[in-house]
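Q: Please take a close look at how one part of this model is put together, and follow it outwards to what lies around it. I would like the pairings, packing and side-chain contacts in one connected account, with the cut-offs behind each term.

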Amino acid sequence: MNVMHRRLCRSDRWAERMHGQVLPWALEGLDLGGDVLEIGPGYGVTTRWLVERTGPLTAVEVDPRLATDLDRQMAGRVDVHTGDGARLPFRDASFDVVVCFTVLHHVPSVAQQDRVFAEAARVLRPGGVFAGSDSVRSLRFRLLHVGDTMVVVDPATMPDRLRDAGFSEASADAGERSFRFRAGR
């Protein structure tokens, strides 16, 4: 991520938007009481919100430095792992819920995004749910990602991609600046 992007993702303004708008909208009506896995927590803005609302929370972050910082920040309240969402280090059927927020566009290819979806399906228990959100394409979004990896997910294709990854049902709704998705196993 470029300097401007890193600054935004650590900011109070970003936390307020995620905590006050995006997370409640993306997870509306979802039972978070079981074992929850967060893919790509980054600086931990979403993790701080989740840890107060979930059962046991596990996070997997590809950046070793961010994973170490998050582990320190969460002080044993979250089981933090360094790893790739396209190759999750967990057994099949380990979680009741898998979530990810504003991370899919950082996955370097559509094929690798599809592997993230397949891995989410693999580690979910029967009846489990994969849910989250990501940003929709805009000029502002593009400018924020100058020099970054940015593979935007088209919300219109998301349900079919999720079903192809092994989910039995899937949906996606676009909002003003982001979209939410949900898929069941």
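A: The bridge partner of Ser 171 is Arg 182, which belongs to strand E7. This is a predicted model, in which local features need pLDDT of at least 70 and side-chain atom pairs count only at pLDDT 80 or more, while totals for chains, interfaces and linings use all residues. Residues are numbered from 1 along each chain as its sequence is written, and side-chain values use heavy atoms, with hydrogens and water left out.

The pairing of Ser 171 and Arg 182 belongs to a ladder of six bridges that joins E6 to E7 (residues 178–184), the two strands running antiparallel. Strands here are DSSP runs of E with at least two residues, helices are runs of H or I with at least four, and both are numbered from the N terminus; two strands pair if DSSP finds at least two bridges between them. The sheet that holds them is open and has seven strands with mixed pairing, in the order E3-E2-E1-E4-E5-E7-E6. Strand E3 (79–82) and strand E6 (169–174) have a single partner strand each and stand at the edges, so one side of each is left without a neighbour in the sheet. From one strand to the next, the twist averages 15°, where axes are lines fitted to C-alpha atoms (for helices, over the stretch in contact) and angles run from 0 to 180 degrees between N-to-C directions.

At the E3 edge, helix H4 (residues 64–74) lies across strand E2 (57–61) and E3, its direction making about 165° with that of E3. Helix H5 (residues 110–123) also packs on the sheet, where it touches strand E1 (36–39), strand E4 (95–101) and strand E5 (124–135) and runs at about 145° to E5; contact means heavy atoms within 4.5 Å.

H4 deserves a closer look. Its buried residues are Leu 66, Ala 67, Leu 70 and Met 74, with buried meaning under 20% relative accessible area, exposed over 50% and partly exposed in between (1.4 Å probe, protein chains only). These four cover an arc of only 100° around the axis, which puts them on the same side of H4; the arc is that of the directions from the helix axis to the C-beta atoms. The buried residues of H4 pack against helix H3 (45–50) as well as E2 and E3. At the start of H4, a side-chain oxygen of Asp 63 comes within 2.8 Å of the backbone nitrogen of Arg 65, and just after the helix Ala 75 takes a positive phi of about 40°.

From the H3 side, Thr 47, which is placed in that helix, counts as buried at 0% relative accessibility. Leaving aside residues up to four places away in sequence, Thr 47 touches Glu 38, Pro 41, Leu 57, Leu 70, Met 74 and Val 78. With Glu 38 there is also a side-chain polar contact of 2.5 Å, that is, a pair of N or O atoms within 3.5 Å; within protein, one must be able to donate a hydrogen and the other to accept it, and residues adjacent in sequence count only if both atoms are side-chain atoms.

Charged pairs complete the picture. A salt bridge is taken as a side-chain nitrogen of Lys or Arg within 4 Å of a carboxyl oxygen of Asp or Glu, and by this rule there are eleven. One of them joins Asp 92 to Arg 122, with the closest N and O atoms 2.8 Å apart. Asp 92 lies in the loop between E3 and E4 and Arg 122 in helix H5, so the pair ties together parts that are 30 residues apart in sequence. Asp 92 counts as exposed at 52% relative accessibility, whereas Arg 122, at 23%, counts as partly exposed.

Back at the pairing of E6 with E7, Asp 173 forms a salt bridge with Arg 180, the closest N and O atoms being 2.7 Å apart. Asp 173 is partly exposed, at 33% relative accessibility, and a network of salt bridges links Glu 28, Asp 173 and Arg 180.

For the chain as a whole, the secondary structure comes to seven helices and seven strands, and buried residues make up 54% of its 185 residues. Among contacts with a separation of 6 or more, 66% are between residues 24 or more positions apart.
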